[in-house]
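Welcome, and please open your viewer with the selection panel at hand. We will go from stop to stop, and at each one I will say what to select.

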Amino acid sequence: AILDLVESAVLPAGSGVEMVDELAIEVLLAANESLVTYRRRHRSDVEIEAALDLILRDAENPRSLAACLDRLQRHASAADWDVGVTLVFEAQRALSLPTDELVPTIRSIMYRAGNELVKRWFSAPVNPIAVMHR
């Protein structure tokens with residue numbers, strides 16, 4: 001959802017981060033439950049790069065993409081899911097990309113992670129047991 005919000009608010013049709021109305025950025029921050037955090041940290045008008053850093057890259061913001069990836073990596077490690085750990089690490093490295101590259105790159109990685117998760121835990125039983133009807 002974070003990627004969709006960022007994409008719809010600041011990455012319209014063109015390439016690169018476009019000039020966006022300050023109100024749109026405030027709505028983006030509010031939708032991500034990060035407006036209060038932004039106001040507390042930045043005592044100025046809303047700046048797009050600072051807002052995107054808070055929403056996407058700031059692991060200290062529990063609502064950020066970086067914080068979500070940190071939690072996902074802990075869960076994948078706890079489940080002993082090496083493929084998941086690797087994919088999350090790829091996504092974490094992508095956080096350093098410019099926003100217009102970050103969004104599609106991380107979305108692609110998360111789709112792969114979802115597919116791998118389904119293959120590992122939901123595709124077929126490991127030891128099927130026949131149930132006898134009497």
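Helices (H or I, at least four residues) and strands (E, at least two) are DSSP runs, numbered from the N terminus. This is a predicted model, in which local features need pLDDT of at least 70, side-chain atom pairs count only at pLDDT 80 or more, and totals for chains, interfaces and linings use all residues. Residues are numbered from 1 along each chain as its sequence is written, and side-chain values use heavy atoms, with hydrogens and water left out.

**Stop one: the end of α7.** Select Trp 121, which belongs to helix α7 (residues 99–121). Its relative accessibility of 38% makes Trp 121 partly exposed; buried means under 20% relative accessible area, exposed over 50%, and partly exposed in between (1.4 Å probe, protein chains only).

**Stop two: salt bridges.** A salt bridge here is a side-chain nitrogen of Lys or Arg within 4 Å of a carboxyl oxygen of Asp or Glu. The count by this rule is eight. Select Arg 107 and Glu 7, whose side chains meet in one of them at 3.3 Å, N to O. This pair links distant parts of the chain, since Arg 107 sits in helix α7 and Glu 7 in helix α1, 100 residues apart. Arg 107 is buried at 18%, whereas Glu 7 is partly exposed at 33%.

Next, pick Glu 90 and Arg 112, with their closest N and O atoms 3.1 Å apart in a salt bridge. Glu 90 lies in helix α6 and Arg 112 in helix α7, so the pair ties together parts 22 residues apart in sequence.

Staying in α7, select Lys 119 and Glu 116, another salt bridge at 3.1 Å, N to O. They are three residues apart in the helix, and therefore separated by about one helical turn. Lys 119 is exposed at 52%, while Glu 116 is partly exposed at 26%. Now add Asp 4 to your selection: salt bridges with shared partners join Asp 4, Glu 7 and Arg 107 into one network.

**Stop three: a loop residue.** Is Asn 61 buried or exposed? Select Asn 61 in the loop between α4 (48–57) and α5 (65–78); at 2% relative accessibility, Asn 61 is buried. Leaving out residues up to four places away in sequence, Asn 61 touches Asn 32, Ser 34, Arg 41, Leu 54 and Ala 67, where contact means heavy atoms within 4.5 Å.

**Stop four: α5.** Colour the buried residues of α5: Leu 65, Ala 66, Ala 67, Leu 69 and Ala 76. Their cover includes α1 (2–10), α4, α6 (82–94) and α7. Finish at Asp 80, just after α5, which takes a positive phi of about 55 degrees.
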